[in-house]
Amino acid sequence: MTTVIDAALVAEHNAKLASDLKADYEALGGMLARRGVDIEELTSLAQTFAVAVPSWGVGTGGTRFARFPGRGEPRNVFEKLDDCGVINQLTKATPTVSLHFPWDRPSDARELREAASALGLGFDAVNSNTFQDQAGQEQTYKFGSLTANSREVRAQAIAHNIDCIELGKSLGSQSLTVWVGDGANFPGQSNLRGALERYLESMREIYAALPDDWTVMIEHKLFEPAFYATTIADWGTSFACAQALGPKAKCLVDLGHHAPNTNIEMIVARLAQFGKLGGFHFNDSKYGDDDLDSGSINPFQLFLVFNELADAAQRDGAGFKPSYMLDQSHNVTDPVESLMSSAVEVQRAFVQAALVDRAALAGFQESNDVLQAAQTLKQAYRTDVSAILAMARVRAGGAADPVRCYRASGYRDRVAAARPPKAGASGSGIV
Ligand code: RM4
Ligand code: MN
Ligand code: MN
């Protein structure tokens, strides 16, 4: 396996931090032991955690107003993979990449698959894009894609999704995520029920092209780019469509795709209860689809989501395995640093949720001891599990402190020199 960062540099970095980490780990281990928790079990559990990196996240994003490019942005899917290789090498928590077509369309799928496996990477869900027109495309998505009035437009959008499945098959992916921006900007612009009927009709054709071991994930989003009425705006619509399509259709929860203050953990509980929780796009937000770094605004919400996931795993056993993916847009930070720290924040929530004393919680719920029930969650959430996460990384060959190690490696300077920006290119990311 090729490592993008020199393995000796990572080892040297870890050696420098080894005695501090040992002391922190032992102190935390002692504290947990007094609570009857074995730190080693948590560290092994932390090592099982994996979240996919979105290929579109390694370039600088942008807003509707501007995009301020970063240095050394990847200019093609192979360079994106290198950046993803760094993220996984240092965090050991991101072994897969989620690709977005046509942005990442390879000319040779085998070459791409080999490049990924040389870096120790695989592929998670592939994503279709019918929210933008592509050069040379015959029909425009200005008035919708899978829900469009025009049969030709719908046919083009369906064909693109089927093409994504084919590409995904050749890359070893096993799921397709469909997010459409379709909807209306004005009351009366479109027949609300008719649009959803057309969506289902289109999705049935895509569903029919899925291999038996594939899943299609329906991603809902409250608004934007359709500001008055988005066709797949909420989990209820997503759930109804997944139900109507069949067992291979599930729902994807992007944390930023809800109104502020929505109880997202309850949505997670509902979807899990009815067997329709397909996966996540993790990010954080203050107002809308902000695509900020996971855990940067509301880490308690992230913990509560993982608390529901731990509950579902306990109830449903090994069959319960939603996909974990990041979906973020980095405008003012180095995307590699943001993605590394975000992966660690999601992993932190996963480990903290495992610390919840579920039997005690169930007892307090049963006896209506509200305060103690709430305190049981808070005790887990307040526990600083950083030493567990660092130890899990170091034991797997990752970095004790991924951002510090990354900065010491000089990777960004190296790629800045090797990847001069292409004139006129918007780079990767969502613009
Ligand atoms: C959307 C949505 C999708 C992603 C695009 C790039 O807001 O979150 O998951 O495909 O952004
Ligand atoms: Mn998303
Ligand atoms: Mn989004």
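Val-86, Leu-90 and Thr-91 of helix α3 meet Pro-402, Cys-405 and Tyr-406 of helix α14, and this is a predicted model, so read every contact here in that light. By class, the α3 contact with α14 splits into five nonpolar residues, one polar and no charged. Helix α14 turns up again below, since Pro-402 and Tyr-406 in α14 also meet residues of α10. Overall, the chain has 15 helices and 11 strands. Its radius of gyration is 22 Å, close to the 22 Å from the globule rule for 431 residues, so the chain is as compact as a globular protein of that length.

**Helix α14 and its partners**

- Helix α3 covers residues 77-91, and its axis comes within 9 Å of the α14 axis, with a crossing at roughly 125°. That angle makes α3 oblique to α14.
- As for handedness, α3 passes α14 in a right-handed crossing.
- Now for the other partner: helix α10 (residues 335-354) packs against α14 (residues 402-409) at an angle of about 160°, and the two axes are 9 Å apart. Angles over 145 degrees count as roughly antiparallel, so α10 is roughly antiparallel to α14.
- The crossing of α10 past α14 is right-handed.
- On the α10 side the contact uses Val-336, Glu-337, Met-340, Ser-341 and Val-344, while α14 brings Pro-402, Val-403 and Tyr-406. Sorted by class, the residues of this α10 contact with α14 are six nonpolar, one polar and one charged.
- If you're picking residues to look at in the viewer, Pro-402 and Tyr-406 of α14 appear in the contact with α3 and in the contact with α10.

**Helices α6 and α7**

- Helix α6 (residues 192-208) packs on helix α7 (residues 235-245) with axes 10 Å apart and an angle of about 50°. So α6 sits oblique to α7.
- This crossing is right-handed.
- From α6, the residues in contact are Leu-200, Met-203, Arg-204 and Tyr-207; from α7, they are Cys-241, Ala-244 and Leu-245.
- The class count for the α6 contact with α7 is six nonpolar, no polar and one charged.

**The six-strand sheet**

- Strands of a sheet pair through backbone hydrogen bonds, in either a parallel or an antiparallel sense.
- Here, six strands make an open sheet with parallel pairing, and the order reads β4-β5-β7-β9-β10-β11.
- At the edges are β4 (126-127) and β11 (323-326), each of which pairs on one side only.
- Inside that order, β9 (residues 249-254) and β10 (residues 277-282) pair in the parallel sense over four bridges.
- To pin down the register, look at Cys-251, whose bridge partner in β10 is Leu-277.

**The three-strand sheet**

- There is also an open sheet of three strands, in the order β1-β2-β3, and its pairing is parallel.
- Strands β1 (53-54) and β3 (122-123) are the edges, and each one pairs on one side only.
- Strand β2 (residues 96-98) runs parallel to β3, and two bridges join them.
- A handy register marker is Val-97, which has Phe-123 as its bridge partner in β3.

**Backbone oddities**

- Most residues other than glycine have a negative phi, and most peptide bonds are trans. The residues below are worth checking against that.
- The peptide bond from Phe-101 to Pro-102 is cis, with omega near 5°. You'll find Pro-102 in the loop between β2 and α4 (109-118).
- Another cis bond runs from Glu-224 to Pro-225, where omega is near 10°. Pro-225 is in the loop between β7 (215-219) and β8 (229-230).
- Asn-261 isn't a glycine, yet it has a positive phi of about 75°. Asn-261 belongs to the loop between β9 and α8 (264-273).

**Overall dimensions**

- Along the principal axes, the C-alpha atoms of the chain fill a box of roughly 65 × 60 × 40 Å.

Note on methods:
Residues are numbered from 1 along each chain as its sequence is written. Chains are lettered from A and ligands numbered from 1 in the order in which they are written. This is a predicted model: local features need pLDDT of at least 70, side-chain atom pairs count only at pLDDT 80 or more; totals for chains, interfaces and linings use all residues. Axes are lines fitted to C-alpha atoms, for helices over the stretch in contact, and angles run from 0 to 180 degrees between N-to-C directions. Angles under 35 degrees count as roughly parallel, over 145 as roughly antiparallel, 65 to 115 as roughly perpendicular and the rest as oblique. A crossing is left-handed if the near helix is turned anticlockwise from the far one by less than a right angle, and right-handed if clockwise. Two residues are in contact if their C-beta atoms, placed from the backbone, lie within 7 Å. Ala, Val, Leu, Ile, Met, Phe, Trp, Tyr, Cys and Pro count as nonpolar, Asp, Glu, Lys and Arg as charged, and the others, Gly among them, as polar. Two strands pair if DSSP finds at least two bridges between them. The radius of gyration is taken over C-alpha atoms; the globule rule is 2.2 Å times the number of residues to the power 0.38.
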